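User: I am new to this structure and would like a guided look at it. Please set the scene, then zoom in on one part.

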Amino acid sequence: MSAPQTIYFNDYQPSDYTIGTCQLEFIIENSSTRVDNVMEIKRQNPHAKEIRLNGEMQDLELLWVNDTLYDESMYTLESDALTIPMDMDEARIRVITRIYPDENTALEGLYRSGGIWCTQNEPEGFRRITYFLDRPDVMTRFTTKIIASAQDCPVILSNGNLAGTATLENGKHIAVWEDPIPKPCYLFALVAGDLGSIHDTFVTMSGKKVALAIYCDKGNENKCHHAMRSLKKSMTWDEEVYGREYDLDVYNIVAVDSFNMGAMENKGLNIFNSHYVLADEECATDMDFMGIESVIAHEYFHNWTGNRITCRNWFELTLKEGLTVFRDQSFSADMNSQLIQRLDDVRSLRERQYVEDAGPTAHSIKPDHYIEINNFYTATVYEKGAEVIRMLHTLLCKDGFRRATDRYFENFDGQAVGTEEFLWAMQQDSPIDLAQFKRWYCQERTPTLAISSNYDAPTQTLTLKITQHIPKNTHNEEQLPYAMPFGLGLLDSNGREFELKSNNATILREGIVWIDGQVNELVFENITELPKLSLNRNFSAPVRIECDEIDYSFLMAHDTDGFVRYEAAQQFAISTLQAMMDGQEVSVAYLSAYGKILEDVSIEAMYKAQLLELPTISMMMQFQEIIDVESIHEALEKLKRLIALRFTAIIAKEVQSLYEPTNSSIDAVSMGKRALRNRLMALWMSLGDEECASLCKHYYDESTSMTDRLAMLDLLENYAPHLAKPAFANFYERHSDNTLVMNKYFTLLASCRREGTLERVIALQEDKAFDEKVPNLVRALIGSFARNLVAFHEISGSGYDFIADKIIEIDGFNPQIASGLAGAFKSYEKLSPIQKEKMGRALERIKDHPNLSNNVNEIVNKILNN
């Protein structure tokens with residue numbers, strides 16, 4: 001293979017040519033698909049003399065330019081491109097190719113899986129379908145004719161509106177789809193197969209009736225209704241909050257099992273990983289239901305933030321993804337609980353993106369270079385990108401942000417733009433110059449705010465010193481201070497907030513100050529006593545906080561900001577665990593503060609479950625210079641036992657009072673009760689108590705909720721394996737023919753923290769329900785083991801070798817999934833010398849494997865060369 005090529009943002013140039021319209025005809029056969037592509041080309045660069053069309057993994061059969069049939073001497077065909085001399089301002093190019101969907105195991109372009117033909121074209125899959133200018137800044141109107149067997153493919157779908165159908169005499173039928181709205185080719189979609197469906201309608205705010213449909217494998221239709229309800233709620237919300245109305249006559253969703261991503265926002269034809277569509281109370285967890293609602297909304301919201309306005313190049317990916325994640329987070333908060341959604345968002349950011357930001361693959365939300373763009377669909381681009389948008393929303397307030405987004409839509413509809421255009425729209429309504437704020441787009445790593453205070457009783461003033469510590473980037477270069485909104489509360493001894501008054505601080509509104517200096521000294525007046533500090537309220541900025549003056553016990557008991565109260569509980573637990581790992585006794589103050597939360601009957605159940613959550617191993621690893629997973633795991637288990645011993649009676653009573661075995665409804669109260677009971681059961685089971693273990697098995701047997709059944713299985717597997725075996729056998733017998741539920745089965749077993757997990761995972765690869773070619777199953781079994789930090793980092797290094805073997809194997813047919821697994825090695829630099837040497841050998845073995853994909857090559861080399 002040729003050496004990987006690095007692509008740089010600074011090298012971006014607009015396309016020499018554009019494609020105004022494209023007429024596609026697909027003739028789908030069992031062995032191959034014939035693609036007839038007619039493009040109307042216009043020259044944009046008058047100096048251009050040839051057009052280079054991207055294309056790979058296809059056979060070129062015929063080529064015409066205008067009415068001239070070209071022979072091989074008239075063009076240049078390479079493995080990844082078709083270059084045609086073209087010294088003319090306009091031309092019609094017709095190219096006929098043949099592709100082989102059955103052989104497309106990478107699941108990019110057009111592929112067939114489980115008898116269904118479907119596409120995935122973002123970011124660069126369309127070049128596997130036909131020769132084209134495969135780049136997001138080429139906006140084209142597509143018309144698509146599909147010809148397929150009426151028996152094998154009674155459903156044939158593409159983008160836009162259905163223009164016509166016909167039945168042919170040879171057992172085939174035709175559908176023609178017209179999309180009136182220009183789009184880049186990465187948004188092209190096609191689905192063909194024998195599918196079941198449900199249907200509904202939605203009437204937009206202007207009175208237009210939109211036909212809605214969700215397609216799935218036959219027999220799963222009843223599992224689509226939650227997704228349909230979520231879609232209709234999303235459409236209503238986008239009209240009410242952003243004034244965005246849907247623009248086509250139809251909106252189709254298709255659920256498929258074999259899909260590399262979560263979902264894809266193709267114009268008018270969203271294609272989803274079935275995990276984010278199919279759900280009922282028998283087979284889906286509370287988290288599944290919430291996830292479906294969120295992802296359905298995310299893809300729908302892309303209609304305006306991603307489709308109508310798209311990114312001009314892939315460096316600008318956060319333009320559509322960061323903004324749309326923020327929108328789907330806001331939607332979920334409005335549909336459910338603002339506080340719980342915020343805690344979920346922050347937890348996800350810190351578990352995934354903070355780790356990414358601290359490691360060898362760190363990058364800004366707008367990267368300046370890449371080798372393989374598939375590697376940049378990351379927590380940084382998505383979740384950190386959403387936090388940057390949230391800071392703008394905080395700065396502009398709700399009404400100002402709405403005006404700014406209206407301006408963005410009005411000025412750039414139908415265009416491929418960049419973050420500069422979006423920030424221009426924000427700037428018009430911003431009370432503050434955004435020049436410094438833009439650093440969030442181009443700098444990497446997570447800043448730390450070091451905070452100290454000085455209280456002067458005679459003058460009743462508090463001086464708050466906030467110093468920004470900005471880490472160097474991955475090139476060891478210095479970075480500059482950020483500008484950000486910062487949530488701040490000063491509390492008196494009863495928990496009441498002082499009004500923020502200052503002559504030198506920029507107070508955006510009550511509780512929000514603006515920070516932009518390397519060192520900021522803010523003086524607040526009329527503070528009648530030494531206050532308690534409540535910092536980064538509502539997680540107003542994606543930063544770390546260092547402050548020795550925080551009274552965790554007080555904030556856990558009194559802070560009115562839900563996030564800070566949760567954060568105090570987390571940080572108190574982290575400091576307690578760190579002390580335990582240093583050989584100290586457990587903090588009595590921490591146990592007392594924890595007990596007060598446990599005993600407080602006024603706290604809503606779901607929030608209490610969050611407050612009682614202990615830090616994860618992954619979170620604790622972020623505070624270690626040299627990672628020691630075993631010591632973290634031992635400290636966590638010891639702390640669980642100490643809490644459970646001290647509060648056994650309270651825990652047991654609460655568990656039994658919350659037990660509702662026949663309640664599987666997904667209202668907020670029911671989900672909160674389940675979350676709290678399962679949190680408490682996890683504490684109780686840590687004691688190894690046989691009575692509790694029997695109760696856990698009893699709860700598994702009786703419960704009708706998948707959330708409860710999985711929670712009890714997990715606890716049995718980790719703490720009472722003698723009872724887990726019959727429970728898992730029962731679970732397998734009930735669900736072995738349901739791939740979605742078997743994903744959960746494999747995930748639980750691969751996540752077990754007991755000895756022997758690797759051997760069990762290896763054996764499970766032979767299970768008839770496992771298929772290495774299905775990405776969801778690989779993520780469930782192999783991916784879950786790679787994320788199982790106790791088993792993966794087992795001292796022998798066998799976990800490293802196993803995952804390295806799987807990366808090499810899977811890279812041969814699906815590089816995207818393989819590179820995702822490679823992320824497990826990102827902790828390499830922080831390991832102990834013994835483990836680092838073992839992981840290093842595994843990484844070198846991957847790197848030296850012949851024909852390694854660019855996807856895996858880029859990740860592995862960044863880790864080794866950090």
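How far apart are the mean positions of the 84 positive and 128 negative charges of the protein? After that, please look closely at helix 2, and at Glu293 in it. Which residues is Glu293 in contact with, leaving aside its neighbours within four places in sequence?

Analyst: Charges come first. The mean positions of the 84 positive and 128 negative charges are 2 Å apart. Keep in mind that this is a predicted model.

Now the overall picture. The protein has 866 residues and a radius of gyration of 28 Å. That agrees with a compact globule, because such a globule with 866 residues would have a radius of gyration near 29 Å. The C-alpha trace spans about 90 × 65 × 60 Å along the principal axes. The secondary structure comprises 26 helices and 32 strands.

Next, what is hidden and what is open. Of the 866 residues, 61% are buried. The accessible surface is about 33,500 Å². Carbon and sulfur atoms hold 48% of that surface. Sequence distance matters here too. Among contacts with a separation of 6 or more, 70% join residues 24 or more positions apart.

Now to the part you asked for. Helix 2 runs over residues 286-301, and Glu293 lies in it. Glu293 has a relative accessible area of 2%. It counts as buried because that value is under 20%. Leaving aside neighbours within four places in sequence, Glu293 is in contact with His226, Ser230, Lys233, Phe331, Met335 and Asn336.

Follow one of those contacts, Ser230. Ser230 sits in helix 1, residues 225-242. Its relative accessible area is 1%, so Ser230 is buried. With the same four-place neighbours set aside, Ser230 is in contact with Glu293, Ile296 and Phe331. Phe331 therefore appears in the list for buried Glu293 and in the list for buried Ser230. For a sense of scale, take Ser230 and Pro46. They are 184 residues apart in sequence, and their C-alpha atoms are 48 Å apart in space.

Two other helix residues make a useful comparison. Start with Lys697, in helix 16, residues 690-702. Its relative accessible area is 18%, so Lys697 counts as buried, under the 20% limit. Beyond four places in sequence, Lys697 touches Leu716, Leu723, Pro726 and Ala727. Lys697 and Ser657 are 40 residues apart in sequence, with 17 Å between their C-alpha atoms.

Then Arg779. This residue lies in helix 21, residues 775-787. At 26% relative accessibility, Arg779 is partly exposed, because the value falls between 20% and 50%. Its contacts beyond four places in sequence include Phe259, Asn260, Met261 and Asn273. Ser784, Arg787 and Ile817 are touched by Arg779 as well. Arg779 and Arg34 are 745 residues apart along the chain, and their C-alpha atoms are separated by 33 Å.

Behind these details lie the nonpolar cores. The largest has 163 residues. Ile84, Leu392, Tyr408 and Phe524 touch the most other members of it. Helix 5, residues 379-412, gives this core its largest share, 14 residues. Another core lies apart from it and has 132 residues. Among its members are Leu343, Leu680, Met706 and Ala711.

Phe524 deserves a moment. Leaving aside neighbours within four places, its contacts include Gln460, Thr461, Leu462 and Leu464. Leu488, Leu490, Leu500 and Lys501 are further partners of Phe524. Ser502, Ala505 and Val513 complete the list for Phe524.

Last, some backbone features to look for. Most residues other than glycine have a negative phi, and most peptide bonds are trans. Cys397 has a positive phi of about 70°, though it is not a glycine. Cys397 is found in helix 5. With a relative accessible area of 31%, Cys397 is partly exposed. Arg445 has a positive phi too, near 75°. Arg445 lies in the loop between helix 7 (439-442) and strand 25 (448-456). At 11% relative accessibility, Arg445 counts as buried. The peptide bond from Glu122 to Pro123 is cis, with omega near 0°. Pro123 is in the loop between strand 11 (116-120) and strand 12 (141-149).

Note on methods:
Residues are numbered from 1 along each chain as its sequence is written. This is a predicted model: local features need pLDDT of at least 70, side-chain atom pairs count only at pLDDT 80 or more; totals for chains, interfaces and linings use all residues. Side-chain values use heavy atoms; hydrogens and water are left out. Helices (H or I, at least four residues) and strands (E, at least two) are DSSP runs, numbered from the N terminus. The radius of gyration is taken over C-alpha atoms; the globule rule is 2.2 Å times the number of residues to the power 0.38. Buried means under 20% relative accessible area, exposed over 50%, partly exposed in between (1.4 Å probe, protein chains only). Contact means heavy atoms within 4.5 Å. Accessible areas come from the Shrake-Rupley method with a 1.4 Å probe; for residues, only the protein chains shown count as cover. Lys and Arg count as positive and Asp and Glu as negative; His and the chain ends are not counted. The place of a charge is taken as NZ of Lys, CZ of Arg, CG of Asp or CD of Glu. A nonpolar core is a set of buried Ala, Val, Leu, Ile, Met, Phe, Trp, Tyr and Cys residues joined through side-chain atoms within 4.5 Å.
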